[in-house]
Amino acid sequence: MSTLISHSAVWAALKTHHTYLAPIHLRELFALDSQRFERFSVKACGLLLDYSKNRLTADTLALLQQLAVEARLQDWIVRLFRGDKVNNTEQRAALHVALRNRSNRPIFVDGKDVMPDVNAVLAKMRQFSNSVRDGEWRGYTGKKIESVVNIGIGGSDLGPAMVTRALKAYHHPRLRSYFVSNVDSTHIGEILDELDPETTLFIIASKTFTTQETLLNARSARQWLIDKLGDDKAVAKHFVAVSTAREKVIEFGMDPTNMFEFWDWVGGRYSLWSAIGLPIVVMIGMDHFEEFLDGAHQLDQHFETAPFDKNLPVLMGLIGLWYSNFFGANTQAVFPYDYSLSLFPAHLQQLIMESLGKRVTRDGDRLDYSTCPIIWGAPGNNGQHAFYQLLHQGTHCVPADFLVAIESQYQLAGHQDAVLSNALAQTHALMMGRTPEETKQALASNESLPHRVFPGNQPTNTLVYQKLTPQILGTLIALYEHKVFVQGICWGINPFDQWGVELGKQVASTLLPALQSKDAETVEHDLSTDGLLKYIKAHR
């Protein structure tokens, strides 16, 4: 049995330190140090991280960095970039860093340099995306492609959808983008209603070509196309695959030359840098996609080489751990004050909670401390008129990341000043609050005084960047990927497997035949599930 990090001397020291620091308000920490912003902010890779509005001191950071040392974080960083099998439960490497390795230095998996294969797929993506964008790729009736529909789920949907939405300002003017993931027929039905079959391209993203949700949607799209165009030969002109299941792709009716490969050393939620990013490439072009890869690669190099006290993912990871394990913060929020990033919190929900929602160590030992907080969030300005009430006057400690663009992708007079003023005002108000004395002075009376007081002391990080370009977006995503890695290593868990998604799928596979059968008898689950199943079948 491995020794849990919670049994270490540094963990005990952090608990003692928390007891001392917890009663101290952020106002006091700023009053004690006129250089606090300068001491607790870092610039790297086009980002400014201001973490001064956190409930910590230099002593806190020293102890947290010691925790990272005890967890052998630096050794694990070396192993990650070297291509070691850091995903121990599946005996795989986790080489999303190889997908954006712009230096092209050799990276080996089982003794083989993977970079030639990575580069070959990128070259194929360039050729294909150019042919669609330039109008050389024609549909079955000879018309240019105008609509691109990605059919996938999980990592084959959320990440590419988020990036494609975020970089809408870079889209080809002729092309429209759609993403289908849900098996509810409303999702694909509403999208198909908008499409012209003669000008639509479907990208089917499924490594094994067996994912239930993806194949159900793909078959529905295939039948729709054949019904509209009257010939199953049209499939080859309107469908391409991101997969490794060559025979299944051929059986579906696709040309295997239009099949794009990816590898088992890349997990789904880390795969948007691979051929899974094909819908991104078609929409923004390969040159911009390479800028996107460049941004991630710059952050990779920073993570690999920067000392812990200047290392963005390390700092954010350790600060998050500080709140989860010592302040009991069960949630952490992400607020982009950049509408282009409206899907970013949803992507982070999968990235973080699928990676860190674990209850045992890498060795299978039960943990005695919490790991992953619940991740949530929404575009900042909208949230101010919804859930910010809880942040300002609720009973929960909710650490939050504010993502702030200095310039918008769309310049309209007065808008960005309003965005910036709101972002800065909220982090200020969350930190400072408003005391009873200040409230009384502001109101000039005692009317409703308790209801108008703001306790403040809510911690925030603020990430500032000039403008959301492909490069900056790549940097932001890589930052959070490596933050996840830092926390996984410090908690002693494997952030690259996701066994928790399997059980529900297995149960669903037993319920599907029961739903499709006309027989009144059903397989036995529990009394509630069987009761629901019988009720639904009786009312169909």
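Helices (H or I, at least four residues) and strands (E, at least two) are DSSP runs, numbered from the N terminus. You're working with a predicted model, where local features need pLDDT of at least 70, side-chain atom pairs count only at pLDDT 80 or more, and totals for chains, interfaces and linings use all residues. Residues are numbered from 1 along each chain as its sequence is written, and side-chain values use heavy atoms, with hydrogens and water left out.

**Exercise 1. Place Thr 475 and work out its surroundings.**

Step 1. Start with its element: Thr 475 sits in helix α22.

Step 2. Buried or exposed? The cut-offs are under 20% relative accessible area for buried and over 50% for exposed, with partly exposed in between (1.4 Å probe, protein chains only). Thr 475 has 0% relative accessibility, so it counts as buried.

Step 3. List the contacts, meaning heavy atoms within 4.5 Å. Setting aside neighbours within four places in sequence, Thr 475 is in contact with Cys 45, Leu 47, Gly 295, Ala 296 and Leu 299.

Step 4. Look at what the side chain does. The side chain of Thr 475 reaches the backbone oxygen of Gly 295 at 2.9 Å.

Step 5. Check a sequence-versus-space pair. Thr 475 and Ala 444 are 31 residues apart in sequence, and their C-alpha atoms are 48 Å apart in space.

**Exercise 2. Describe how α14 packs on α22.**

Step 1. Pick the right quantities. Two packed helices are described by the angle between their axes and the distance between the axes. Axes here are lines fitted to C-alpha atoms, for helices over the stretch in contact, and angles run from 0 to 180 degrees between N-to-C directions.

Step 2. Read them off. Helix α14 (residues 286-305) and α22 have axes that come within 7 Å and cross at roughly 40°.

Step 3. Name the arrangement. That angle makes α14 oblique to α22; angles under 35 degrees count as roughly parallel, over 145 as roughly antiparallel, 65 to 115 as roughly perpendicular and the rest as oblique.

Step 4. Give the handedness. The α14 and α22 crossing is right-handed, a term used if the near helix is turned clockwise from the far one by less than a right angle, with left-handed for anticlockwise.

Step 5. Find the residues. On the α14 side, those in contact include His 288, Gly 295, Ala 296 and Phe 303, while the α22 side includes Thr 475, Ile 477 and Val 486.

Step 6. Sort them by class. The contact of α14 with α22 has 11 nonpolar, seven polar and two charged residues. Here Ala, Val, Leu, Ile, Met, Phe, Trp, Tyr, Cys and Pro count as nonpolar, Asp, Glu, Lys and Arg as charged, and the others, Gly among them, as polar.

**Exercise 3. Do the same for α16 and α22.**

Step 1. Helix α16 (residues 344-356) packs with helix α22 (residues 470-491) at an angle of about 25°, and their axes are 10 Å apart.

Step 2. That angle makes α16 roughly parallel to α22.

Step 3. The crossing of α16 and α22 is right-handed, and by class their contact has 10 nonpolar, four polar and one charged residues.

Step 4. Among the residues that meet are His 347, Leu 351 and Ser 355 in α16 and Tyr 480, Val 484 and Trp 491 in α22.

**Exercise 4. Trace the contacts of Arg 269.**

Step 1. Arg 269 is in the loop between β9 (259-260) and α13 (278-284).

Step 2. With a relative accessible area of 2%, Arg 269 is buried.

Step 3. Not counting residues up to four places away in sequence, Arg 269 touches several residues, including Gly 155, His 347, Leu 351, Ser 355 and Gln 498.

Step 4. Which side chains make polar contacts with the side chain of Arg 269? Ser 355 does, at 2.7 Å, and Gln 498 does, at 2.5 Å. A polar contact is a pair of N or O atoms within 3.5 Å; within protein, one must be able to donate a hydrogen and the other to accept it, and residues adjacent in sequence count only if both atoms are side-chain atoms.

**Exercise 5. Compare two residues with positive phi.**

Step 1. Recall the background: most residues other than glycine have a negative phi.

Step 2. Asp 110 has a positive phi of about 55°, and Asn 457 has one of about 70°.

Step 3. Asp 110 lies in the loop between β3 (108-109) and β4 (112-113), whereas Asn 457 is in the loop between α21 (449-452) and β13 (460-467).

Step 4. Asp 110 counts as exposed at 66% relative accessibility, while Asn 457 is buried, with a relative accessible area of 11%.
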